[in-house]
Structure formats: structure tokens, C-alpha cells
Amino acid sequence: VSFEKKSESGSINFKANLRISSSSLSISNHVTDVSSDFDKKTNFTAGAEMEWVLPVNRSKWALYLAPNYNSYKSPGMGVSYNRGPFSSDTVIENWDASLSYIDIPVGVRYYIFISDNSRIFIAGSYIISSMLSSDIHQDQGTYQVEAKIRNRLGGGIGYSYKNKFNVELKYSSANIFDNYVYWDSSYKMTSFVLGYTIFDSKKKK
């Protein structure tokens with residue numbers, strides 16, 4: 001849903017989006033030689049966005065705020081090196097990961113006009129994140145770690161038709177073990193965002 005109000009200070013849009021995200025996670029401990037790769041998972045979520053189209057350069061620049069909820073849950077296959085009675089064996093272990101968190105991207109968007117009805121855009125954002133819950137553990141109980149997602153940068157490219165239909169492809173990557181010294185991680189997310197505008201005040205005038 002999008003509501004747009006035009007004023008001397010630019011125009012303001014309120015939007016609702018449907019997000020289809022594909023996420024993957026890998027973790028490692030460079031002291032104990034433990035690592036695990038988790039399955040890629042697809043998730044469907046909804047989010048909101050507020051956009052301020054700036055009254056400069058023919059309304060090509062905009063600022064936006066887009067809070068959304070995300071989650072990830074997947075089993076993983078881990079490898080532990082230098083284990084066993086002689087500390088030389090490689091052991092395969094099962095892991096599980098479950099995350100839920102809120103992202104608040106604060107970003108800038110640049111529109112490129114193709115025609116009166118069509119625009120493409122590129123976007124960059126600083127993503128403020130807050131972890132709601134996390135559970136990452138090895139099934140045998142040897143390891144259990146708590147995730148704390150780091151604020152990060154994100155980017156995207158998209159297309160807008162008649163300011164009514166919007167599609168956008170977004171990407172971000174995060175370290176979810178910011179609170180550990182010896183644990184490293186790579187949490188990657190690619191999202192396809194669908195947006196639809198049902199009200200445009202400019203067309204009412």
C-alpha cells in the first residue's frame with residue numbers, strides 16, 4: 001500500500017511490500033577447527049517502507065526507511081578436525097540453526113527515468129539490526145553459540161511502473177558472531193521484493 005503526498009519539501013510515500021528471501025549461513029571456529037555449512041532457505045515476509053522523494057534534480061533522489069522482520073531455520077553439516085583418541089581424526093557432526101530478527105534499513109535511492117511511466121533505480125542502505133532470538137548448536141551438545149547480528153550495508157536494484165508496481169532485488173551479508181573472538185560466520189541474504197501502490201494523490205489532482 002502506498003500513500004503519496006506532494007508538498008514544497010518533496011513527496012512522501014508509504015508502502016507495503018512482500019519479500020521473498022533466500023538465506024545461507026556458514027560458521028567456523030579457527031581455534032578448535034570446527035566448521036559447519038547450513039542449508040539455503042527461502043522465506044516469505046511482509047514489510048513497510050516510508051520514502052521521501054527529495055525536491056532536487058527532478059525528483060531523482062529519495063531517502064527511505066524500511067523496517068522488516070526476518071527469520072532463518074536450517075539444519076547443518078559440521079566438520080571437526082583433529083578429533084578422536086589420537087587427536088587426528090575428522091568427525092562429521094549435525095548442527096541446527098534458528099534465528100529471528102528485525103532489520104531497519106535506512107537508505108538512499110536514485111531513480112533513472114526510462115519513460116513517463118517507467119523508472120529503474122539503484123539503492124544503498126545502512127541496515128540496523130536487532131536479534132530477537134537465536135539458537136545455534138551442535139546436536140551432541142559440544143558447542144552452543146548465541147548470534148548477535150551486526151549492523152551492515154545493503155544494496156539493491158529495481159524497477160517502478162507508473163509508481164504503482166515495484167520490484168526490487170536486494171542483497172546483504174552479515175557477521176552474526178560479532179560478540180565472539182574465535183567464532184566467524186557468513187550470513188548472506190538475497191531478497192526479491194514486490195510492491196503495489198493502491199493510492200497516488202498526484203493522480204487525484
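The exercises below work through the fold, core, aromatic rings, cavities and backbone of one predicted model.

Residues are numbered from 1 along each chain as its sequence is written, and side-chain values use heavy atoms, with hydrogens and water left out. Because the model is predicted, local features need pLDDT of at least 70 and side-chain atom pairs count only at pLDDT 80 or more, while totals for chains, interfaces and linings use all residues.

**Exercise 1. Describe the secondary structure and the burial of the protein chain.**

Step 1: Taking helices (H or I, at least four residues) and strands (E, at least two) as DSSP runs numbered from the N terminus, one finds 0 helices and 12 strands in the protein chain.

Step 2: With buried meaning under 20% relative accessible area, exposed over 50% and partly exposed in between (1.4 Å probe, protein chains only), 40% of the 205 residues of the protein chain count as buried.

Step 3: With contact meaning heavy atoms within 4.5 Å, 65% of the contacts in the protein chain between residues at least 6 apart in sequence join residues at least 24 apart.

**Exercise 2. Identify the largest nonpolar core and the elements that supply it.**

Step 1: A nonpolar core is a set of buried Ala, Val, Leu, Ile, Met, Phe, Trp, Tyr and Cys residues joined through side-chain atoms within 4.5 Å, and the largest one here has 20 residues, with L25, I136, I176 and Y187 having the most contacts inside it.

Step 2: Two or more residues of this core come from each of β2 (10-29), β3 (34-38), β7 (89-113) and β12 (183-196), and β7 gives the most, with 4 residues.

Step 3: Leaving aside neighbours within four places in sequence, the contacts of Y187 include L25, L99, I149 and I176.

**Exercise 3. Characterise two aromatic pairs and the rings beneath a charge.**

Step 1: Rings of Phe, Tyr and Trp (its six-membered ring) pair if their centres lie within 6.5 Å, with planes under 30 degrees apart counted as stacked, over 60 as edge-to-face and the rest as tilted; the structure holds 10 aromatic pairs.

Step 2: F165 and Y196 form a tilted pair, 5.2 Å centre to centre with 45° between the planes, and because F165 lies in strand β11 (residues 165-174) and Y196 in strand β12, this pair ties together parts that are 31 residues apart in sequence.

Step 3: F177 and Y180 make an edge-to-face pair, because their ring centres are 5.7 Å apart and their planes stand at 80°; F177 is buried at 0% relative accessible area, whereas Y180 is partly exposed at 28%.

Step 4: A charge sits over a ring if NZ of Lys or CZ of Arg is within 6 Å of the ring centre and within 35 degrees of the ring normal, and the charged end of R109 sits over the ring of Y64, 4.2 Å from its centre, as well as over that of F121, 5.0 Å from its centre.

**Exercise 4. Locate the positive phi values in the loop between β4 and β5.**

Step 1: Most residues other than glycine have a negative phi.

Step 2: R58, in the loop between β4 (41-53) and β5 (61-65), has a positive phi near 55° and is exposed, with a relative accessible area of 66%.

Step 3: S59, placed in the loop between β4 and β5, has a positive phi of about 60° and is partly exposed at 34%.
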